[in-house]
Amino acid sequence: MLGHIHPNGWMSLGRAPFQANFMGNPNGLSSAIMASTVNIEPQTLAQKRGLSYANTIKLLFDEILNTKQPADRVLANYFREHKKHGSKDRKVIRESLFSLFRWWGWFKATGDHQQAPQFFAMLSASALIEAHPWQDIAQAWHELAQSTVDYQQLQSLSANSLTDKLALVRQQFPEVSFELTDLLPEWFWQVCPIAPELRPNLIEAMSSRPPIWGRAQGIDSQSAVKQLQVLKIDASLSPYFADAINLGTKSMNFNEISVYKEGKIEIQDLASQVIGQICAPEPWQHWWDACSGAGGKTLQLRSLMQTAATKQNPLVGSIVSSDIRAHALEELSKRAQRARFDGISIARWRSDALPVDANHFDGVLVDAPCSCTGTWRRNPDMRWLDSLDAVTDKAALQLDILSRSSKAVKQGGSLVYATCSLSPVENEQVVCAFLQQHPEFSLVPIRHPFTGEQTEMLTVWPFEANTDGMFVARMQRNY
Ligand SMILES: C[S@@+](CC[C@H](N)C(=O)[O-])C[C@H]1O[C@@H](n2cnc3c(N)ncnc32)[C@H](O)[C@@H]1O
């Protein structure tokens, strides 16, 4: 039986000139996509491999766009079901897929990606823009795209800065007009009114991956860095916080790293570490992490308390961690055990009623659920899967969680509100609405740890120290 050839060049399975090797049965993915292959006869080994990769990436790319499920999740499911992909295959598939989303703001203007040559052109452009090491595959994609643009010439262009990348994409698709602002969705600019002169910095940061940031706990950061360097991990100290460690940009399996397995380092973005630093808990204080999730900030708070403890100022304080998700709290317990932290207890939110005592805590941290626009650098697909609602639909919940949690703060205590959103809708506006309804609280000025600037509410921009984006405001209960 002959396969059905679509006019766009992708072809349902059957007898095809070349049938891409799907390397297994992609259970859970849409069968229409699963069946797609391409009606192009590859000539070289690189083209055959390029075609095979392209089919897998196309299948995943469409699945993510169609179902709006995060790329990370779709990819994890796919690899769980397709064990025969080696680590190199996984890397090419993963990095290429993420690149497509990172540059989708440009690529979507280049034509219909359902057309096979168009999809190959996007893949080769993304590999060139990001200078991926598999240039033989990138060249094969360029050949399969049947582009008339000279590949060697494209390859000779620099791709270091975002302006270089823009020049490169303009060369590859001379008939299309591209702008830097296209790289983030139009609706984002409506809810993130950053000063126009800072826009290019923000776009550049959002179009690249930040390094992996870690935090030393119960170990001196210098000795943690040394142990990591022995394992050939590109680790270095950060100029901002004594416990922060830059782990470089290469992905690694932390479960093979002893300092991690022993709980001596935790993975935590540097912007997220700002929140614990702003909380600055004293060893004798009692803190409540009201939206603790799996405990990234609980562990940081405990570590900071431990580090600050002295004979005169002993570690007698505690942390209570709460979330609505039981599974996240279980994960938190495991992480606390791994770090051998005591003084942390769990109180799950089971209803709107406070799961802890009112008027009790020296400090309450509300790391509220939000749109997560500040983490788009690590999840470039989310900017295209979400819409304006992702930013505008949570303000009422955020204000509600903040108001309910504030009841646990004792007089003279601190209330810290944080999000990983870059929008005032989820940040300043929520804090202002809260302060209007709660005159017993007032803002406490804070110092930006990266810029030194004094401010009342702080947005950590991804371009300041190569991090995610975060927001934080610290308040005090006066009566
Ligand atoms: C930004 S995440 C917290 C991340 C965490 N603090 C960390 O550092 O890893 C927000 C958390 O709020 C929780 N959450 C959502 N709705 C909530 C609610 N109504 N009350 C309490 N927590 C809620 C979510 O389950 C999620 O874990």
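Let's start at C420, which is buried, with 24 other C-beta atoms within 10 Å. The cut-off for calling a residue buried is 20 or more such neighbours, so C420 qualifies. Keep in mind as you look around that this is a predicted model. UniProt, in an unreviewed entry, puts the feature "active site" at C420. That label may be inferred rather than shown by experiment. In the chain, C420 belongs to the loop between β11 and α20 (428–437).

Who are the neighbours of C420? Leaving aside residues up to four places away in sequence, C420 touches C370, C372, G374, T375, D468, G469 and M470. One of these contacts, C372, is worth a stop. C372 has a positive phi of about 65°, although it is not a glycine. You'll find C372 in the loop between β10 and α17 (382–385). Is C372 buried or exposed? C372 has 20 other C-beta atoms within 10 Å, and the cut-off is 20 or more, so C372 counts as buried.

Now walk back from that loop into strand β10, residues 361–367. This strand is mostly covered: 6 of its 7 residues are buried. Which strands does β10 pair with? With β7 (residues 286–289), β10 pairs in the parallel sense over 3 bridges. If you want a landmark for that pairing, look for W288, which stands opposite V364 in β10. β10 also pairs with strand β11 (residues 409–419), again in the parallel sense, over 6 bridges. Here the landmark is V366, standing opposite Y417 in β11. As a reminder, strands of a sheet pair through backbone hydrogen bonds, either parallel or antiparallel.

Next, the ligand. It is surrounded by 14 residues, and the closest are C291, G293, G296, K297 and D367. D367 should ring a bell, since β10 covers residues 361–367. By class, the shell around the ligand splits into 7 nonpolar, 3 polar and 4 charged residues.

Moving along, helix α14 (residues 270–279) is another mostly covered element, with 9 of its 10 residues buried. Those buried residues are L270, A271, S272, Q273, V274, I275, G276, I278 and C279. Just after α14 comes A280, and its phi is positive, near 40°.

R340 is another residue with a positive phi, near 55°, and it isn't a glycine either. R340 lies in the loop between α16 (326–338) and β9 (344–346). What about its surroundings, buried or exposed? R340 has 11 other C-beta atoms within 10 Å, and 12 or fewer counts as exposed, so R340 is exposed.

There is also an antiparallel sheet to look at. It is open, has 4 strands, and runs in the order β4-β5-β3-β6. The edge strands are β4 (236–237) and β6 (265–267), each of which pairs on one side only. Inside this sheet, strand β3 (residues 213–216) and β6 pair in the antiparallel sense over 3 bridges. To find that pairing on screen, pick A216, which stands opposite I265 in β6.

Time to zoom out. The chain is divided into domain 1 (10–183) and domain 2 (269–477). Their C-alpha centres lie 39 Å apart. Where the two meet, 9 residues of domain 1 are in contact with 6 residues of domain 2. On the domain 1 side, the elements giving two or more residues are α3 (71–81) and α4 (87–102). The largest share of that side, 3 residues, comes from α4. Sorted by class, the side of domain 1 that touches domain 2 has 6 nonpolar, no polar and 3 charged residues.

Finally, a record-based view of the chain. The unreviewed UniProt entry carries the annotation "domain: SAM-dependent MTase RsmB/NOP-type" over residues 202–478. In the model, the end C-alpha atoms of this span lie 37 Å apart, and the span is 32% helix and 22% strand.

Technical notes. Residues numbered from 1 in each chain as written. Predicted model: local features only at pLDDT ≥ 70, side-chain atom pairs only at ≥ 80, totals over all residues. Near = placed C-beta within 6 Å. Nonpolar A, V, L, I, M, F, W, Y, C, P; charged D, E, K, R; others polar. Pairing = 2+ DSSP bridges. Domains from an automatic or database assignment. Contact = placed C-beta atoms within 7 Å.
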